[in-house]
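The following note is offered to a colleague beginning to read protein structures. It concerns charged side-chain pairs and the packing of helices.

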Amino acid sequence: MSRTETDSIGPIEVPEDAYWGAQTQRSLINFAIGQERMPLPVLHALALIKKAAARVNDRNGDLPADIARLIEQSADEVLGGKLDDQFPLVVWQTGSGTQSNMNVNEVIAGRANELSGKGRGGKLPVHPNDHVNRSQSSNDCFPTAMHIAAAQAVKEQLLPAIAELSAGIAEQSSRHMKLVKTGRTHMMDATPITFGQELSAYVAQLEYAEKSIRAALPAVCELAQGGTAVGTGLNSPHGFAEAVAAELAALSGLPFVTAPNKFAALAGHEPLTALSGALKTLAVTLMKIANDLRLLGSGPRAGLAEVKLPANEPGSSIMPGKVNPTQCEALSMLACQVMGNDTTISFAASQGHLQLNVFKPVIIHNLLQSIRLLGDGCRNFNEHCIAGMEPDAGKMAEHLERGLMLVTALNPHIGYDKSAQIAKKAYSEGLTLREAALQLGFLTDAEFDAWVRPEKMLEAGSNG
């Protein structure tokens, strides 16, 4: 069963149970590309804009009060997730997001008309363009929705997840701050470090990434709304931009303000590019953490085996008893995806031809995917890897005892050249450092005990 809806192109048949209208239906036909739907957070953000605009237009006398109330009631249903199945359009559509903006306009109008008793869909008493889209354009609505969705996702999903992972690693770091082990540079043995010190680097790196993300947010909270088609604000009343930004801030609890230059807000996406760059920084940090723990947990007999990672599931369909660092693998894979997303966002954001960037859907699709993956990844990694991770103190002590770079402690006492001779002799002849030093006659047994003390090699000025 279907009903007839119309737009400027003409009539078109729409499923009878759909709230959307003609423009949504045309997009379904004309853009049957892929399976990537427009992210729901963007559509919910568009509904929030419609609600805020209806309130402002009502106060300004630009919209009848009863129409404004119907729009707000319908928008609230969208925001509550009741109409999520009414947004079928894919990411691969017009680069301005016009069809998704109209999808939201039509669904809100269609539901509002049903609420008024006039039946589902149509344009009476609520018109998708004249009323729901009043004082707006897709060209300012869609970038505004992009910023709202991104800011909400960072605040609600990502920042709490980073804090959770950071706290989990910090707890492990504090617990093992006195557990001395071999440090490694260039993948080769180096001077001692504690396991707690090693983990503390990850906490600091996560803090840096978090600060970068937070630093990007103020620009993301600047909204394009009020710029309408090209940034001039045509058909948007004086003060509308500021009023809508204030309304959106009140409704969302986020510090949204109107963008100081609407031409830039429509034609460029530097704020979201900067945010994506900060997300990439976090991905780099997560990759580092995942790879380090993958190496430290390698073995259990033929690798470093200094860390015991949780055995969450069997690791092989053919090798019984094998357990793999699957959490590290998942985290590093999503880090790769985020880095790739950043490349796409960077290129898409550079395509701001004249007064409008028309790569908006792919930018926000990739950005929201990155935020979601990073948030989920941080939480999952903390819960299923960090929380159950345990160091193998015996293996760390064994590696430390055999480590040749303990010889560095002798530098202040016998000099670099003699110390190097000791290390080379020990390595080539399979001796301990003590044995090599005594055979060369460079120091006594008592001096070796006094000078080569790993626990004293952890801070500057400690080996004097």
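**Note on salt bridges and helix packing**

1. The model discussed here is predicted. A suitable place to begin is Arg55, which is partly exposed because its relative accessible area is 26%, a value that lies between the limits of 20% and 50%. Its partner Glu247 is buried, with a relative accessible area of 11%.

2. The side chains of Arg55 and Glu247 form a salt bridge, with a distance of 2.9 Å from N to O. The two residues belong to distant parts of the chain: Arg55 is in helix α2 (residues 40–60) and Glu247 is in helix α8 (residues 240–252), 192 residues apart.

3. This pair also belongs to a wider arrangement. Arg55, Arg59, Glu72 and Glu247 are joined in a network of salt bridges. The structure as a whole holds 23 salt bridges.

4. Which residues in helix α4 meet in a salt bridge about one turn apart? They are Glu114 and Arg111, whose side chains come to 2.6 Å, N to O. Both residues lie in helix α4 (residues 98–115), with a separation of three residues, about one turn of the helix. Arg111 counts as buried because its relative accessibility is 16%, under the 20% limit, whereas Glu114, at 24%, counts as partly exposed.

5. A further salt bridge is made by the side chains of Lys280 and Asp342, at 3.4 Å, N to O. Lys280 is part of helix α10 (residues 270–296) and Asp342 is part of helix α11 (residues 326–349), so the pair ties together parts that are 62 residues apart in sequence. Is Asp342 buried or exposed? Asp342 is buried, with a relative accessible area of 6%, while Lys280 is partly exposed at 34% relative accessibility.

6. The packing of helices deserves separate attention. Two packed helices are described by the angle between their axes and by the distance between those axes. For α2 and helix α6 (residues 138–175), the angle is about 115 degrees and the axes are 8 Å apart. The crossing of α2 past α6 is right-handed.

7. Which residues bring α2 and α6 into contact? On the α2 side they are Pro41, Val42, Ala45, Leu46, Leu48, Ile49 and Lys50. On the α6 side they are Cys141, Phe142, Thr144, Ala145, Ile148, Ala149 and Gln152. Sorted by class, this contact comprises 11 nonpolar, two polar and one charged residues.

Notes. Residues are numbered from 1 along each chain as its sequence is written. This is a predicted model: local features need pLDDT of at least 70, side-chain atom pairs count only at pLDDT 80 or more; totals for chains, interfaces and linings use all residues. Side-chain values use heavy atoms; hydrogens and water are left out. A salt bridge is a side-chain nitrogen of Lys or Arg within 4 Å of a carboxyl oxygen of Asp or Glu. Helices (H or I, at least four residues) and strands (E, at least two) are DSSP runs, numbered from the N terminus. Buried means under 20% relative accessible area, exposed over 50%, partly exposed in between (1.4 Å probe, protein chains only). Axes are lines fitted to C-alpha atoms, for helices over the stretch in contact, and angles run from 0 to 180 degrees between N-to-C directions. A crossing is left-handed if the near helix is turned anticlockwise from the far one by less than a right angle, and right-handed if clockwise. Contact means heavy atoms within 4.5 Å. Ala, Val, Leu, Ile, Met, Phe, Trp, Tyr, Cys and Pro count as nonpolar, Asp, Glu, Lys and Arg as charged, and the others, Gly among them, as polar.
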